[in-house]
Amino acid sequence: MEGTDSVGLSSAIINDGTGQAALYLRRTGGTAARWGIYIPTGSTDLRLYAGSAGGVGDAVTIQNTGDVGIGNTVPDTKLDVTGTASASLFYAGTSGSKTAPAFTFSQDTNTGMFNKAADSISISAGGLERLNLTSTTAS
């Protein structure tokens, strides 16, 4: 491991008496930090907690359904990110259609982008195709 901080390290497995069980790792000195893995009281979720002098909170939630929330304790999909996310590649598992585009919005599912044919991209609004771009034309 890297680093030259003079630090104290501690860990604990706790049950707070309300049914919440947790494993906490804490570093003091240098850059202080506290991380925990816990199951909230009355829940089947598994959460990763991050804390430091600058702030504390649940960073990741894994539900027993397999849904994962990053910055979100109530994920609605397999990966639900609250905040900005980036990727070097994003792949849609379907081509979509004008009424159900592959790339869409949660509150407007018949508006977005879809792949009508090879080497083309289309944009729909309200379930109607509004623009089609191919390698040779735009219509």
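The exercises below, each with a worked solution, concern a predicted model.

**Exercise 1. The open sheet**

Determine in which order the strands of the four-stranded open sheet follow one another, and which strands lie at its edges.

Solution. Begin with the order: the four strands of this open sheet run 8-9-10-11, and their pairing is antiparallel. The edges follow from the pairing, since strand 8 (103-105) and strand 11 (128-134) each pair on one side only and are the edge strands. From one strand to the next, the twist averages 25 degrees. Turning to one pairing in detail, strand 10, which covers residues 120-125, is joined to strand 11 by six bridges in the antiparallel sense. Within that pairing, Ser122 has Asn132 of strand 11 as its bridge partner.

**Exercise 2. A residue with positive phi**

Locate Asp119, describe its backbone, and decide whether it is buried or exposed.

Solution. Asp119 is placed in the loop between strand 9 (108-114) and strand 10. Its phi is positive, at about 60 degrees, although Asp119 is not a glycine. For the last step, the relative accessible area of Asp119 is 64%, and because the limit for exposed is over 50%, Asp119 counts as exposed.

**Exercise 3. The aromatic pairs**

State how many aromatic pairs the structure holds, and classify the geometry of Tyr24 with Tyr49 and of Phe90 with Phe103.

Solution. The structure holds two aromatic pairs. In the pair of Tyr24 and Tyr49, the ring centres are 6.1 Å apart and the planes stand at 90 degrees; because planes over 60 degrees apart count as edge-to-face, the pair of Tyr24 and Tyr49 is edge-to-face. Tyr24 belongs to strand 2 (residues 21-28) and Tyr49 to strand 4 (residues 46-52), so their contact ties together parts that are 25 residues apart in sequence. Tyr24 is buried, with a relative accessible area of 12%, and Tyr49 is buried as well, with a value of 15%.

The pair of Phe90 and Phe103 has its centres 5.6 Å apart and an angle of 55 degrees between the planes, and is classed as tilted. Here too the pair links distant parts of the chain, 13 residues apart, with Phe90 in the loop between strand 7 (79-81) and strand 8, and Phe103 in strand 8. As for accessibility, Phe90 counts as exposed at 61%, whereas Phe103 is partly exposed, with a relative accessible area of 33%.

**Exercise 4. Salt bridges along the chain**

For the salt bridges Arg47 with Asp58, Lys78 with Asp67 and Glu129 with Lys116, work out where the partners lie and how accessible they are.

Solution. The structure holds four salt bridges, among them that of Arg47 with Asp58, whose closest N and O atoms are 3.3 Å apart. Arg47 lies in strand 4 and Asp58 in strand 5 (residues 55-62), and the two residues, eleven apart, link distant parts of the chain. Arg47 is buried, with a relative accessible area of 15%, whereas Asp58 is partly exposed, at 26%. This salt bridge can also be set in a wider context, for Asp45, Arg47 and Asp58 are linked in a network of salt bridges.

In the salt bridge between Lys78 and Asp67, the closest N and O atoms are 3.5 Å apart. Lys78 sits in the loop between strand 6 (68-70) and strand 7, and Asp67 in the loop between strand 5 and strand 6, eleven residues apart. The partners are unlike in accessibility, since Lys78 is exposed at 55% and Asp67 is buried at 13%.

The side chains of Glu129 and Lys116 form a salt bridge with an N to O distance of 3.2 Å. Glu129 is in strand 11 and Lys116 in the loop between strand 9 and strand 10, so the pair ties together parts 13 residues apart in sequence. Glu129 is partly exposed, at 31%, and Lys116 is likewise partly exposed, at 49%.

**Exercise 5. The surroundings of Thr65**

Describe where Thr65 lies and relate it to Asp67 and Asp45.

Solution. Thr65 is found in the loop between strand 5 and strand 6, and it is partly exposed, with a relative accessible area of 46%. A polar atom of its side chain lies 3.4 Å from the backbone nitrogen of Asp67. Thr65 and Asp45 are 20 residues apart in sequence, while their C-alpha atoms are 9.0 Å apart in space.

Conventions: Residues numbered from 1 in each chain as written. Predicted model: local features only at pLDDT ≥ 70, side-chain atom pairs only at ≥ 80, totals over all residues. Heavy atoms only, no water. Pairing = 2+ DSSP bridges. Axes fitted to C-alpha atoms, helices over the stretch in contact; angles between N-to-C directions. Buried < 20%, exposed > 50% of the residue type's maximum accessible area, 1.4 Å probe, protein only. Phe/Tyr/Trp six-rings, centres within 6.5 Å; stacked < 30°, edge-to-face > 60°. Polar contact = N/O pair within 3.5 Å; in protein donor to acceptor, adjacent residues only side chain to side chain.
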